[in-house]
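Good morning, and thank you for coming. Today I would like to show you how two chains come together. Please take a moment to look at the structure on the screen.

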Number of protein chains: 2
Amino acid sequence: MKIVSTITEYKNARRQIGGSLGFVPTMGYLHEGHLSLVRRARSENDFTAASIFVNPSQFGPKEDFATYPRDPDKDLRLLEDEGTDLVFMPAPAEIYPEGYSTWVNVEKITERLEGAVRPGHFRGVATVVCKLFNIAEPTRAYFGQKDAQQVVVVSKMVADLNMNVEIVIVPTVRESDGLAMSSRNVYLDPQERQSALVLWKSLQRAKELWLGGERRADAIRSAMTAMIESEPSAGIEYISIARPDNLEEIEEIRSPVLVSLAVRFGKTRLIDNMMLEA
Amino acid sequence: MKIVSTITEYKNARRQIGGSLGFVPTMGYLHEGHLSLVRRARSENDFTAASIFVNPSQFGPKEDFATYPRDPDKDLRLLEDEGTDLVFMPAPAEIYPEGYSTWVNVEKITERLEGAVRPGHFRGVATVVCKLFNIAEPTRAYFGQKDAQQVVVVSKMVADLNMNVEIVIVPTVRESDGLAMSSRNVYLDPQERQSALVLWKSLQRAKELWLGGERRADAIRSAMTAMIESEPSAGIEYISIARPDNLEEIEEIRSPVLVSLAVRFGKTRLIDNMMLEA
């Protein structure tokens, strides 16, 4: 496994690669969710590259950029064990040199949900992903369904800007009790960790209701809200039942919908989602 | 010469090209300035492609998108005569399909000069150039120095977004009397055409003063202003003496500077520029 920290080194390594390249952009602190992306990338491409970069521009000024968990040594061991060929680990100044001033903005779909609560977040995501694609020059890039809106935003950017990469979406990986894997789960104390199960439970409840014939988004949202509010430490930020392509809220479920939610447990903010489709 | 109007057709044609590709993005109504770009592209690459697309997103609501001069048949004859291999002529809906919502914004340098007078102009330019590069996949792309700020903005976008293309800047081509070639020159009536010579004359005057040792930007700007104001039909929008890299106005000329100006003649707005360098 080759590990590089500059764009020049990456480009030199990239030139050695003949055939298809699968690329997994990450912010590090890897868990089984990331590793499932690497495995999928390996199975579909001749070579596999990953990046580890905690992207400052996607964190708000009051968010957890400084304290975001980092463990590069462990990350590299895990990537090596999965057979990754090439890892790009740039310093922030390699990605945002002095005087940096170009931003990619996907409008409308970034104003909802996560984008509404985290202004500027998706501008940072779109910009860094655009840059990483231009640097990495992948055939395919792999993203987890866990960050559902990110998947929609990145797919929209790639389509709108005619980028030459195929986006592959990989199902959310969960702990055995249902909690979606996330690097931020490490912030949870044991009590919060237990409470956080309500995310998955409420999504399961939504599915049950839908399978039972409920088509009113309000009714499903109310049932989820009641369930989550029964957890004293849980604070709901949003519960959304929306069209998967443009994230517009719907009232009557007639076609596939994305149910997504963000809930705070103490200082930790978690998200999860589920598609309801035939 | 192959002429295509859809991205799919272009990509099919692009796949046939082995070796380097020089790309000349244009808005059509070609003149010797464009053709000098094509000749330069041909001389430096194995294959040459051009695009003809009057980009709606770089025109303000009160600007001349609808009346911008168009003559695709003549354009294609000229491109064929220059040995162009491939021409991409998309309809607006091919570039901006329904629901299009992603924009590339180069901040700061786009707020000055043309950007100050034409809000949103460079957002449209950066976005369409980003898209055209991703579609065309050129080795090198050719731009005229005539649109000096456009050159700075495109170069900055390519550097910031790590795009895999080399930007080549080609000197302004002028009529025998000095007027910079522009598709918009066709708007000028004979009287305005004569008055418009003051653009080039004032730049020549700036160079004379500078060669004579004048280093105060104000003094040079005043001399240019007086000369242009002596033309009754000329209305100055700006006269700038700025650093070529970030377009910041300077007071004392110590290193190379870009002298640029925008002047109205009746309803027609013309720009021109000159570098002052050792």
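Let us begin with the strands where the chains meet, bearing in mind that this is a predicted model. Strand β5 of chain A, residues 102–106, is joined to β5(B) by 5 bridges. The two strands run antiparallel. Within this pairing, V104(A) stands opposite V104(B) in β5(B).

How is chain B related to chain A? A turn of 180°, with a shift of 0.0 Å along the axis, lays chain B on chain A with an RMSD of 0.0 Å. The two copies are therefore related as by a two-fold rotation axis. Which C-alpha of chain B is nearest the axis? The answer is that of V104(B), which lies 2.3 Å from the axis. This is the valine that faces V104(A) across the strand pair. The same surface also serves both copies, as 100% of the contact residues of chain B recur in chain A.

I turn now to the contact as a whole. Here 22 residues of chain B are in contact with 22 residues of chain A. Which elements of chain B supply at least two residues each to the side that touches chain A? They are β5 (102–106), α6 (121–136) and α7 (148–160). The largest share of that side, 5 residues, comes from β5(B). Sorted by class, the side of chain B that touches chain A has 10 nonpolar, 6 polar and 6 charged residues.

To close, I return to the strands: β5 of chain A and β5(B) are joined antiparallel, and β5(B) also gives the largest share of chain B's side of the contact. Thank you for your attention.

Key: Residues numbered from 1 in each chain as written. Chains lettered and ligands numbered in written order. Predicted model: local features only at pLDDT ≥ 70, side-chain atom pairs only at ≥ 80, totals over all residues. Least-squares fit on C-alpha atoms with pLDDT ≥ 70 in both. Contact = placed C-beta atoms within 7 Å. Helix = DSSP H or I, 4+ residues; strand = E, 2+ residues; numbered from the N terminus. Nonpolar A, V, L, I, M, F, W, Y, C, P; charged D, E, K, R; others polar. Pairing = 2+ DSSP bridges.
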